[in-house]
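Reader: I'd like to practise reading a model feature by feature. Could you give me the general idea each time, and then the case at hand?
Author: Sure, let's bring it up and start with the strands.

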Amino acid sequence: MPSTRTFPLNAWYAAAWGHEVGRREPLARTICGEPLVVWRRADQKVAVLEDACWHRRLPLSMGRLEGDDVVCRYHGLAFDGSGQCTRMPSQEKILRTACVRAFPAVERHRLVWVWPGDPALADPAKVPDLHWNDDPEWAGDGETLAAKCDYRLFIDNLMDLTHETFVHATSIGNPQEGRLVTSTRWMHDVEPPPFWRAQLGKPGKVDRWQIIRFEPPCTIVLDVGVAPAGTGAPQGDRSQGVNGRVVNTITPETAGTCLYFWTLMRNYRLRDQTLTTQLREANARIFLEDLAVVEAQQRMLEAHPERAMHGLNIDAGSARARRVIEELIAAETALRASA
């Protein structure tokens, strides 16, 4: 029987920004349907457990942190980062069976990543490459969107930037391999949209690019920018233009909700904090336009699940990304069946 799950489990998913995870109080997150509690130990490493006490299943995130342990609010049972109970106030002997599930966690590229699947397969080398987030040659900032939609709707949205003429007409829009999926769009000798005109700071038409790279199951990096028309950008010389990376990773919480982590990075005016703030706020407004669209889609899909979406030629990138996700889920299902 085919799996009805819409996300693979053997993958790294962003759980939080590094600065959100501290030593003062536990953080509650849900990833792939799994409620988790997240905190930082004294050695600065991140611990992640199932968010349910072994005793009476109260969420551990409702409790407090003591040293490196999380303490249940109900009866005071304490658990270390491995999930083992370290204290039972109601009795002298700690039961060896008193433990909760621990999840592999890695902190990289300003994000905390969690592996909800088989811990034996959790290879840190497979964390998505979002090095722009902490590369000193790039500057920028981002935010998190909590969205009431299937995470794949955001992937569809990001893999097709032709939608921007209609959804983002006043912001960024203007008229018109293996398991890694790349979609490329060049617009030659066009009027720059307002956002890019301001960044370039030069008059005249531009050559504009949008190169979208999808890394399964849900990370997408947009290589975007403009250069004065005819200065060689399509041939590889972007030196007279401005370059950006929109770094996106979407974490499914449930079948109908997700967390969308994004940053807008640039390789010019690196020390201009005012510009960083302006770009973050402008991009946040753009993503709110996307949010309105995908949440409306979700409501319609839930109201009429028997009515399918249909494809156009412009959907080739998103269709391929969805096929890759389905292949990963099918491979996991087959592995479990064989085991």
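Reader: In which sense do S2 and strand S3 (residues 34-40) pair, and over how many bridges?
Author: Before that, keep in mind that this is a predicted model. The general idea is that strands of a sheet pair through backbone hydrogen bonds, either parallel or antiparallel. Here S2 and S3 pair in the antiparallel sense, over five bridges. If you want one pair to look up, Ala28 has Val37 in S3 as its bridge partner.

Reader: What is the strand order in the sheet that holds them?
Author: It goes S2-S3-S4, an open sheet of three strands with antiparallel pairing. Strand S2 (27-31) and strand S4 (46-50) are at the edges with a single partner strand each, so one side of each has no neighbour in the sheet. Neighbouring strands in this sheet are turned by 35° against each other on average, direction ignored.

Reader: Which strands make up the sheet of six, and in what order?
Author: Read it as S11-S16-S15-S14-S13-S12, again an open sheet with antiparallel pairing. Its edges are strand S11 (139-147) and strand S12 (181-190); each has a single partner strand, so one side of each is left without a neighbour in the sheet. From one strand to the next, the twist averages 15°. Inside it, strand S13 (residues 206-215) and strand S14 (residues 219-228) run antiparallel and are joined by 10 bridges. Val206, for instance, has Pro228 in S14 as its bridge partner.

Reader: What should I look for in the backbone of the loops?
Author: As a rule, most residues other than glycine have a negative phi, and most peptide bonds are trans. Now check the loop between S13 and S14, where Pro217 is found. A cis peptide bond joins Pro216 and Pro217, with omega about 5°. Then go to the loop between S3 and S4, the place of Gln44. Phi of Gln44 is near 75°, a positive value in a residue other than glycine.

Reader: And helix packing: at what angle do the axes of H1 and H4 cross?
Author: The axes of helix H1 (residues 151-159) and helix H4 (residues 273-303) cross at roughly 130° and come within 10 Å. That angle makes H1 oblique to H4. As for the hand, H1 passes H4 in a right-handed crossing.

Reader: Let's turn to empty space. How much of it lies in the largest pocket?
Author: The idea here is that rolling a probe the size of a water molecule over the atoms shows where empty space is left. In the largest pocket that comes to about 470 Å³. It is lined by 19 residues, and those closest to its centre are Asn10, Ala11, Trp115, Lys126 and Leu328. Helix H5 (residues 316-338) gives the largest share of the lining, four residues. By character, the lining has 14 nonpolar residues, one polar and four charged.

Reader: Which residues line the second largest cavity, and what is its volume?
Author: Its volume is about 40 Å³. The lining consists of Phe195, Trp196, Gln199, Asn243, Gly244, Leu264, Met265, Arg266, Tyr268 and Leu279. Helix H3 (194-200), strand S15 (242-254) and strand S16 (257-266) are the elements that give two or more residues to this lining. Sorted by type, the lining holds six nonpolar residues, three polar and one charged. You can go back to the sheet of six strands to find S15 and S16 there, next to each other in the order S11-S16-S15-S14-S13-S12.

Conventions
Residues are numbered from 1 along each chain as its sequence is written. This is a predicted model: local features need pLDDT of at least 70, side-chain atom pairs count only at pLDDT 80 or more; totals for chains, interfaces and linings use all residues. Side-chain values use heavy atoms; hydrogens and water are left out. On a 1 Å grid over the protein atoms alone, a cavity is a set of points where a 1.4 Å probe fits but cannot get out, and a pocket is an open set with protein on both sides within 12 Å along at least five of seven lines; lining residues have an atom within 4 Å of a point. Grid points are joined across faces, edges and corners, and a volume is the space filled by probe spheres set on the points. Ala, Val, Leu, Ile, Met, Phe, Trp, Tyr, Cys and Pro count as nonpolar, Asp, Glu, Lys and Arg as charged, and the others, Gly among them, as polar. Two strands pair if DSSP finds at least two bridges between them. Axes are lines fitted to C-alpha atoms, for helices over the stretch in contact, and angles run from 0 to 180 degrees between N-to-C directions. Angles under 35 degrees count as roughly parallel, over 145 as roughly antiparallel, 65 to 115 as roughly perpendicular and the rest as oblique. A crossing is left-handed if the near helix is turned anticlockwise from the far one by less than a right angle, and right-handed if clockwise.
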